[in-house]
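Student: I am new to this structure and would be grateful for a close look at one part of it, the place where the chains meet. Please then connect that part with what lies elsewhere.

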Amino acid sequence: MTPRIERLRERSLQTPVTLSIERALLVTASAKRHLGRHSVPVMRALILRDLLTAQSIHLGQDELIVGERGPAPRSVPTFPEWTCHSAEDLRRLATRPRIAYRIEAEDIARYEAEVIPFWQGRTVRERIFQEASPEWRAAYEAGLFTEFMEQRAPGHTALDGTIYRRGLLERRAEIAARLAALDDLADPHAFERAEQLRAMDIACEAVIAYAGRHAALAAEAAAAEPDPARKAELSRIAAVCRRVPAHAPRDFWEALQAYWFVHLAVITELNGWDAMSPGHLDQHLRPFYEQGLREGTLTREKAKELLSCFWIKVNNHPAPPKVGVTASESGTYNDFTQINLAGLTPEGESGASEVTTLLLEVAEELRLLQPQPSLHVSARTPESVLLEACRVIRKGFGYPSVFNADLVVQELLAAGKTLADAREGGTSGCIETGAFGKEAYFLTGYLNVPKILELALNDGCDLRTGRPLGPRSGKPETFSGFEALYAAFETQLRWAVELKVRMSHRIERIVARMCPAPFLSVLIHDCIARGRDYTDGGPRYNTSFIACVGIGTAVDSLSAVRTHVFEQGATSLPRLVAALAGDFAGEEPLRLRLRNRTPRYGNDDERADRLLQRVYGSLLQAIDGRPNTRGGRWHLNLLSTTCHVYFGRMLAASADGRHAGEPVSDGASPVQGADRSGPTAVLRSLSRIDQARAGGTLLNLRFLPEVLQGEADLAKLARLIRTYFRLNGHHVQFNIVDDETLRRAQRRPEEHRDLLVRVAGYSDFFVDLDPGIQEEILRRTAHAAG
Amino acid sequence: MTAFDPAPPTVRAAGDPSAAEGMVFHIMRFATHDGPGIRTTVFLKGCPLACLWCHNPEHRRDLPAVVWDGRRCVGCGACVASCPTGACIAAAGKIRLDPSRCRRCGRCADACPAEALERTERAVRLETLLETLERDLPFYEESGGGVTFSGGEPLAQPAFLLAALEGLGRRGIHRAVDTSGYADPGLLAAAARRTDLFLYDLKGIDPVKHRRATGVDNGLILENLARLSAAGAELVVRMPLVPGINDGHEDLAAAGAFLARLPRRPPVDLLPYHRAAAGKYRRLGLEPPLSGTSPPAAEALEEAARLLSSFGLTVRIQGEAS
């Protein structure tokens with residue numbers, strides 16, 4: 001790490017996270033000016049233009065890559081047009097013990113006076129809830145599912161390499177050509193397209209001007225700078241900002257800055273869920289890196305320094321804070337920018353290069369919360385790259401996570417992508433598969449699969465509250481056998497999915513009508529060609545996803561009921577349901593029997609794993625392939641972020657012996673502590689489902705540090721990963737930490753500020769985690785050395 | 001060998017029913033320290049040695065079939081109800097097995113919902129074992145791994161071991177045998193024909209010290225090692241390093257000289273003594289041995305490795321450059 005990077009890193013780590021009301025004030029003033037005078041897309045573009053013209057810009061000491069979304073590093077704006085925080089929300093954010101966002105009392109007062117009154121009744125969130133049926137609302141409040149878009153815009157956007165080849169001026173020319181070709185006679189929707197294209201053009205112009213403001217600021221700073229070395233840097237920054245993103249970048253520095261301006265504009269335009277990612281950054285930068293070395297204008301060290309500057313920039317941008325239920329769903333500063341490494345090129349060759357290695361080194365040295373790297377391993381990926389990644393994994397920060405590039409391609413092909421688009425795809429957010437630069441991937445929320453089983457066991461009623469939610473699918477005493485119960489499970493599942501999908505279709509339309517994203521649309525193929533917005537079917541691919549949570553808990557619960565009620569007759573179903581409702585009070589032997597004497601998923605035990613296949617099949621049947629409103633289809637993934645803790649709180653005791661309120665299983669992983677046959681058994685169990693049909697399956701494995709001490713152990717980890725991928729696994733990520741370390745960190749958080757652990761599809765500082773999640777990580781099986 | 005030594009096991013006749021079923025105390029998948037690659041290690045019951053530092057006391061045949069952990073017990077009585085011979089007795093808040101009536105069937109442990117009763121052994125049929133060992137075949141293939149038989153002393157169940165090795169060989173799975181070498185030479189030769197790698201324990205050269213530390217003479221062990229080496233068997237010699245017992249300069253120098261004289265010099269793995277087994281001893285109702293002994297210091301390990309290397313041996317310290 002160079003001294004510059006050490007200083008920048010330290011500043012990024014030490015600066016407290018604050019909330020800035022500047023964006024909210026500007027957006028409010030701008031909306032007042034434009035509302036009703038323009039089409040919605042043009043209005044949104046004008047708001048973006050006003051923002052990029054008026055918001056404070058920042059040029060920090062030591063910086064080489066410039067630009068912040070807020071007025072200063074770690075200063076986070078709000079997006080009142082989507083979700084307007086109340087004064088109470090802001091006060092709570094400022095004072096909560098974890099993941100706080102500081103804000104001055106006078107700013108809260110100003111927010112209350114100027115922002116809140118205007119947006120009341122005008123936000124996307126309110127519009128969504130107006131459309132919610134009582135049935136949907138009851139299910140939502142019972143924790144049967146969540147809804148992402150009540151808080152944030154659709155995200156998961158990752159880019160392809162277009163921005164490095166074509167500047168925004170060139171994109172404006174494309175837009176102009178497309179506008180000129182419109183014919184209202186041949187195309188009855190030409191006018192709508194024209195408005196959309198005009199909006200895109202305004203947005204491009206605004207982003208170019210925004211870069212220009214930075215150029216001017218840097219030039220001014222250069223003029224005043226006494227130190228000749230810094231003066232030269234500032235002049236260079238000014239030159240870079242004059243060049244990109246208006247024009248295509250010509251060198252490594254310009255390429256990084258071009259991406260960064262585009263990134264900032266996207267996350268200023270809207271608060272997309274799972275922010276924004278550059279996609280295959282190593283592949284995008286490789287030509288600039290090699291050219292720089294060849295021409296003698298770049299060294300490995302300089303490239304690494306620039307990459308480190310970029311890395312810190314991402315870390316300067318904590319996630320915009322949420323309100324209400326989702327605070328516990330996802331309590332983290334992480335905004336999920338994921339850097340895909342290695343993988344495949346669109347031509348099918350290995351994407352690994354020296355830049356891959358550089359980025360791994362940067363991630364390892366900087367040890368920041370964001371961004372988080374993922375290694376994409378294809379059969380063509382050199383072993384040396386995988387070993388380098390394993391060496392970083394061994395450090396125990398939880399990253400890089402590891403993906404099977406060849407399976408990702410299969411998944412994308414199965415979802416209808418072309419081969420080249422599939423290869424250029426990868427993962428964003430946690431583990432979600434998408435075609436980079438060509439897809440709008442709407443993750444609509446999480447589905448509580450164990451809750452669905454709870455409804456099936458209790459005639460459609462919530463076991464915690466007794467409230468009827470789903471269809472009357474039969475009282476426990478009426479089930480003649482396991483098949484009857486399973487049929488009730490499928491009935492409840494279909495009902496829950498249809499309830500969610502029905503509402504999501506309304507939400508998709510609300511979003512497209514109220515909050516289009518003209519700048520993001522410029523970046524994603526084929527929005528310009530179609531003259532349609534990112535949110536409205538403009539992209540080449542338009543998918544809607546439901547993330548299914550707790551499949552491990554659901555499978556083990558089904559297995560327990562089958563084994564102990566229907567096979568061994570140890571108890572009757574009504575008695576079991578009564579025990580669940582009473583959280584096993586006075587039934588400890590029964591609870592332990594269910595927990596310990598049941599074939600459980602994660603042990604390479606066919607009895608449980610066949611049930612996993614069956615539940616997965618039922619989920620696919622209920623969700624996969626339904627049409628959405630944007631010309632695309634619904635798919636599923638197995639992913640929970642931290643929602644498995646929230647869903648557990650909303651769940652009575654379950655038949656796998658889990659107590660009421662405890663977390664359900666995370667991602668696609670086995671229930672915490674239920675996998676007792678070692679990691680190979682876990683991998684074999686999960687590989688029994690056809691993961692190519694999902695848009696991502698998340699697996700957590702935890703090892704004790706002793707397992708990975710030697711070099712030979714590292715190679716064994718690499719072979720473990722390769723074998724899982726040979727068995728068609730999608731993803732695996734590792735925690736390398738023992739219980740004692742975590743317990744120590746709980747006792748003395750101040751001494752363990754830097755302890756990074758893998759939570760869900762991301763790492764977080766252990767001491768920043770909600771205590772429920774801390775305990776959940778401790779409950780995960782820690783595989784020991786053999 | 002003196003009259004006081006337990007007799008080394010001999011090969012039983014073909015068709016011996018014990019070839020169809022063996023006594024196992026543990027099967028560990030993703031074993032990473034018992035030979036090359038990712039392995040499954042099968043721990044077989046029984047051992048003619050009684051090493052002071054033994055890390056796997058579960059091998060002992062004199063243990064009760066089931067041990068009880070009072071912290072887990074919820075007092076439900078399922079174990080007592082399940083026992084066909086009335087050997088499982090609840091008295092004074094404790095569960096106890098009457099050895100005179102216990103037929104070692106393990107039903108009480110199977111019935112326990114709380115996992116308070118734990119089996120110390122399990123009879124496993126050969127086909128079941130092979131089916132289990134085959135499960136991780138893709139992991140063996142990717143990593144150059146396979147199956148390791150350990151114990152106890154795997155050669156203490158000769159017919160079962162040979163049959164299992166044979167079965168794995170037919171499946172193309174790499175086989176390692178972790179042995180004390182205290183076995184009938186004919187049996188060892190039979191095993192060698194079905195084994196790809198021996199992890200051969202060398203606990204000391206001095207016969208008196210060896211007897212004191214393990215209960216048996218080491219003459220047979222050293223002869224067997226020389227025979228295997230001469231026969232061209234793949235060998236890794238594993239030397240447990242126990243402070244105050246076998247880590248003296250002259251002990252190591254003698255071992256180095258002996259190994260250097262073998263027809264083929266084997267690589268040596270140093271296995272530092274550790275205390276991780278103390279919990280197991282307590283669970284089994286046994287007093288952990290050598291409670292006053294500390295694991296060897298890193299410098300001592302390196303010194304030992306240097307000394308052995310000076311005999312032209314390739315030495316690795318387990319957990320480091322393994």
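Tutor: A definition is needed at the outset: buried area is the accessible area, taken with a 1.4 Å probe, that two parts lose on being put together, summed over both. The size of an interface is often given in this way. The model discussed here is a predicted one.

With that definition, the area buried between chain A and chain B comes to about 2,600 Å², and carbon and sulfur atoms give 53% of it. In terms of residues, 35 from chain A are in contact with 29 from chain B.

Charged and polar groups also take part in this interface. Side chains of opposite charge can pair when their charged atoms come close. Between chain A and chain B the count is seven salt bridges. One salt bridge joins the side chains of Arg135(B) and Glu606(A), at 2.9 Å from N to O. Across the interface of the two chains there are also 16 residue pairs in polar contact, both residues being at pLDDT 80 or more. On the side of chain A that touches chain B, the elements that give two or more residues are helix H26 (588–596), helix H29 (679–686) and helix H30 (711–726) of chain A. The largest share of that side, 10 residues, comes from H30(A).

Arg135(B) and Glu606(A) also belong to a network of salt bridges. From chain A the network includes Asp604(A), Glu606(A), Asp609(A), Arg684(A) and Arg688(A). From chain B it includes Arg29(B), Glu131(B), Arg135(B) and Asp136(B).

Salt bridges are also found within the chains. A search of the whole structure gives 97 of them over all chains. One involves helix H30 again: the side chains of Arg722(A) and Glu383(A) meet in a salt bridge, 2.9 Å from N to O. This pair links distant parts of the chain, with Arg722(A) in helix H30 of chain A and Glu383(A) in helix H17 (residues 383–394) of chain A, 339 residues apart. Arg722(A) is buried, with a relative accessible area of 13%, whereas Glu383(A) is partly exposed at 25%.

A further salt bridge lies inside chain B, where the side chains of Glu58(B) and Lys280(B) meet at 3.4 Å, N to O. Here too the pair links distant parts of the chain: Glu58(B) is in the loop between strand E2 (39–44) and strand E3 (66–68) of chain B, and Lys280(B) is in helix H10 (residues 278–283) of chain B, 222 residues away. Glu58(B) is buried, at 15% relative accessible area.

The salt bridge of Glu290(A) with Arg286(A) has another setting; its closest N and O atoms are 2.9 Å apart. Because these two residues are four residues apart in helix H13 (residues 281–295) of chain A, about one helical turn separates them. Glu290(A) is partly exposed, with a relative accessible area of 34%, and Arg286(A) is also partly exposed, at 31%.

Aromatic rings offer another view of the model. The structure holds 23 aromatic pairs over all chains. In one of them, the rings of Trp136(A) and Phe145(A) have centres 5.7 Å apart and planes at 40°, so the pair is tilted. Trp136(A) is buried, at 1% relative accessible area, and Phe145(A) is buried as well, at 0%. Together with Phe129(A) and Tyr140(A), these two residues form one aromatic cluster. Rings also lie beneath charges: the charged end of Arg122(A) sits over the ring of Phe118(A), 4.2 Å from its centre. Likewise, the charged end of Lys417(A) sits over the ring of Tyr541(A), 5.2 Å from its centre.

Two individual residues complete this account. Ser428(A) lies in strand E8 (residues 426–428) of chain A and is buried, at 3% relative accessibility. A polar atom of the Ser428(A) side chain is 3.4 Å from the backbone oxygen of His156(A). Neighbours within four places in sequence aside, Ser428(A) is in contact with His156(A), Ala158(A) and Gln338(A). His752(A) is in the loop between helix H31 (739–747) and strand E15 (756–758) of chain A and is buried, with a relative accessible area of 14%. A polar atom of the His752(A) side chain is 3.0 Å from the backbone oxygen of Arg748(A).

Technical notes: Residues are numbered from 1 along each chain as its sequence is written. Chains are lettered from A and ligands numbered from 1 in the order in which they are written. This is a predicted model: local features need pLDDT of at least 70, side-chain atom pairs count only at pLDDT 80 or more; totals for chains, interfaces and linings use all residues. Side-chain values use heavy atoms; hydrogens and water are left out. Rings of Phe, Tyr and Trp (its six-membered ring) pair if their centres lie within 6.5 Å; planes under 30 degrees apart count as stacked, over 60 as edge-to-face and the rest as tilted. Buried means under 20% relative accessible area, exposed over 50%, partly exposed in between (1.4 Å probe, protein chains only). A charge sits over a ring if NZ of Lys or CZ of Arg is within 6 Å of the ring centre and within 35 degrees of the ring normal. Contact means heavy atoms within 4.5 Å. A salt bridge is a side-chain nitrogen of Lys or Arg within 4 Å of a carboxyl oxygen of Asp or Glu. A polar contact is a pair of N or O atoms within 3.5 Å; within protein, one must be able to donate a hydrogen and the other to accept it, and residues adjacent in sequence count only if both atoms are side-chain atoms.
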